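Student: I've got a structure to look at and I'm not sure where to begin. Can we go through it together, one question at a time?

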Amino acid sequence: MVGEDGSLSDAAERFQVLLQEQVERAKRIGRPVEWLDYAKLDRVVIGVIGGDGIGPIIAKETKRVMERLLEDELRSGRVEIREIGGLTIENRVKQLKPLPEEVLAEIRKCHVLLKGPTTTPEEGSGMPNIESANIAIRKAFDLFANVRPVKVPSQGIDWVFFRENTEGEYVLGSKGFMVTPNLAVDFKVITRPGSERIIRLAFEHARKTGRKRVTVVTKANVIKTTDGLFLDAAKKVAADFPEVKWDSWYIDVFTAKLIDEKRRRDFEVVVLPNLYGDIVTDEAAELQGGVGTAGSANIGARFGMFEAIHGSAPRMVAEGRGAYADPLSLMRAAAMLLEHIGMLEKSRRLAMALDVCSLYEGKVKVTGRPDGATASQFGDYVAAALSDPHLREKWESYQRG
Ligand code: NAD
């Protein structure tokens, strides 16, 4: 840091080091990578990590439901579900590492990961200040896309958000500095290859699922250089998808339109830079029934991590309500995982069972409190729905209203 009247050379030097790192990162991202083709694997290994707080409770139920769904594949060896231990706050604090080496080595032996939430120590918690395990995994596997579907059929809401997961305000989030005692500076970094790859994934998703429209959200009218680059990348990528319509919105008015009941039905696939995506996807999940109901995917070219969008809810556990945690979020993530590895029928069946159990029929209601069902009772309910030979007809009749 320099004094109020001192030279800026110290700050300029630090800035230069950061810029150099980012130039290298942009080059790295720009190199072509071959995507892992899950269809070509003889055996797909799905890692399951319980995590902290309510994590092991909801992960246990999700694993049980997956085992019911994949009975044949598990028997034939086409799929293996492998539990990975050690990603607990106790172990991470003991080793002073966000992601202990032996845990990372086990994750590397899997093709995809289903992960329960993990606690990140915060200031004043009395724990050492270690980085989030999630960020460490995202970095280790370059999981650049955070994908979050949000569905409320009764209101015509069926959105899929593609949040850029590695850039924006977050890439140098802990590298900002006080230039003078009265001047704080953080950095926002957006690269062309980083923008193009997330935008392309969003357009490909629209093409694959028959959705007709991609909405690109920025604040390019004010944040002209970085958001301007994101928008420019969208224009280029969109040209490769002539059958998909696209439009550009500014984050302020887009956020307002998400609560405009008439207008919001028009949104389908939405792609946004990191910080906007972080905020808007929590807002969208709230419309669906809260963070306990939403799953998310972190996708890279050669690995995918699937998780709930909420955290480890330590207060629920401390108050003895852990058993009443809603496992729906992680079960939705499991459906996304199955789609990602190409098991489309299985994924659809799980999604239908979850829709019937949570959105339509709702005979077993989880409230997060003892006035509702336990995670385990909900697990039983979903497992029974999966075994129902009339599940599809039931789901279709609910869809027709
Ligand atoms: P949180 O999402 O864990 O919990 C907030 C509240 O939401 C809870 O008190 C509870 O009332 C409710 N809730 C969350 N999940 C629920 C569920 N499945 N069923 C019923 N109710 C549920 O948020 P927090 O308390 O801010 O974070 C706790 C810890 O989790 C922190 O250490 C944070 O860093 C971490 N975290 C981890 C992840 C992740 O691993 N992906 C994500 C977010 C937060």
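Student: Okay, at the start of α6, which backbone nitrogen does a side-chain oxygen of Ser132 reach?

Tutor: Keep in mind that this is a predicted model. Helix α6 covers residues 133-141. Look at the start of α6: the side-chain oxygen of Ser132 comes to within 3.2 Å of a backbone nitrogen, and that nitrogen belongs to Asn134.

Student: Which residues of α6 are buried?

Tutor: Buried here means under 20% relative accessible area. In helix α6, the residues that count as buried are Ala133, Asn134, Ala136, Ile137, Arg138 and Phe141.

Student: And what do the buried residues of α6 pack against?

Tutor: Follow those side chains outwards and you meet both helices and strands. The helices are α4 (89-95) and α5 (101-108). The strands that the buried residues of α6 pack against are β3 (112-115), β5 (157-164), β11 (295-299) and β12 (304-308).

Student: What is phi for Asp142, just after α6?

Tutor: Asp142 sits in the loop between α6 and β4 (145-152). Most residues other than glycine have a negative phi. Asp142 is not a glycine, yet its phi is positive, at about 50 degrees.

Student: Is Leu96 buried or exposed?

Tutor: Leu96 also has a positive phi, near 55 degrees, and its place is in the loop between α4 and α5. To count as exposed, a residue needs over 50% relative accessible area. Leu96 has 54% relative accessibility, so it counts as exposed.

Student: Let's move to the ligand. Which residues around the ligand come nearest?

Tutor: There are 17 residues around the ligand. By class, that shell has seven nonpolar, seven polar and three charged residues. The ones that come nearest are Thr120, Asn134, Gly311, Ala313 and Asp326.

Student: How far is the backbone N or O atom of Ala313 from an oxygen atom of the ligand?

Tutor: Let's go through the polar partners one by one. The side chain of His310 has an N or O atom 3.1 Å from a nitrogen atom of the ligand, and a polar backbone atom of Ser312 is 3.0 Å from a ligand oxygen. For the backbone atom of Ala313 and an oxygen of the ligand, the distance is 2.7 Å.

Student: How much of the ligand's accessible area does the protein cover?

Tutor: Start with the ligand on its own, which has 820 Å² of accessible area. Put the protein around the ligand, and the covered share is 65%.

Student: Which side chain does Thr119 join in a polar contact of 2.8 Å?

Tutor: Find Thr119 in the loop between β3 and α6. Thr119 is buried, with a relative accessible area of 18%. Beyond residues up to four places away in sequence, Thr119 touches Asp52, Ile89, Arg92, Met127 and Ser312. The side chain joined to that of Thr119 by the 2.8 Å polar contact is Ser312.

Student: Last one: at what angle do the axes of α1 and α7 cross?

Tutor: Helix α1 is residues 9-30, helix α7 is residues 192-209, and their axes come within 8 Å. The contact is made by Ala26, Ile29 and Gly30 of α1 with Pro193, Gly194 and Arg197 of α7. By class, that is three nonpolar, two polar and one charged residues. The axes cross at roughly 40 degrees.

Methods: Residues are numbered from 1 along each chain as its sequence is written. This is a predicted model: local features need pLDDT of at least 70, side-chain atom pairs count only at pLDDT 80 or more; totals for chains, interfaces and linings use all residues. Side-chain values use heavy atoms; hydrogens and water are left out. A residue is near a molecule or strand if one of its heavy atoms lies within 4 Å of it. A polar contact is a pair of N or O atoms within 3.5 Å; within protein, one must be able to donate a hydrogen and the other to accept it, and residues adjacent in sequence count only if both atoms are side-chain atoms. Accessible areas come from the Shrake-Rupley method with a 1.4 Å probe; for residues, only the protein chains shown count as cover. Ala, Val, Leu, Ile, Met, Phe, Trp, Tyr, Cys and Pro count as nonpolar, Asp, Glu, Lys and Arg as charged, and the others, Gly among them, as polar. Buried means under 20% relative accessible area, exposed over 50%, partly exposed in between (1.4 Å probe, protein chains only). Helices (H or I, at least four residues) and strands (E, at least two) are DSSP runs, numbered from the N terminus. Contact means heavy atoms within 4.5 Å. Axes are lines fitted to C-alpha atoms, for helices over the stretch in contact, and angles run from 0 to 180 degrees between N-to-C directions.
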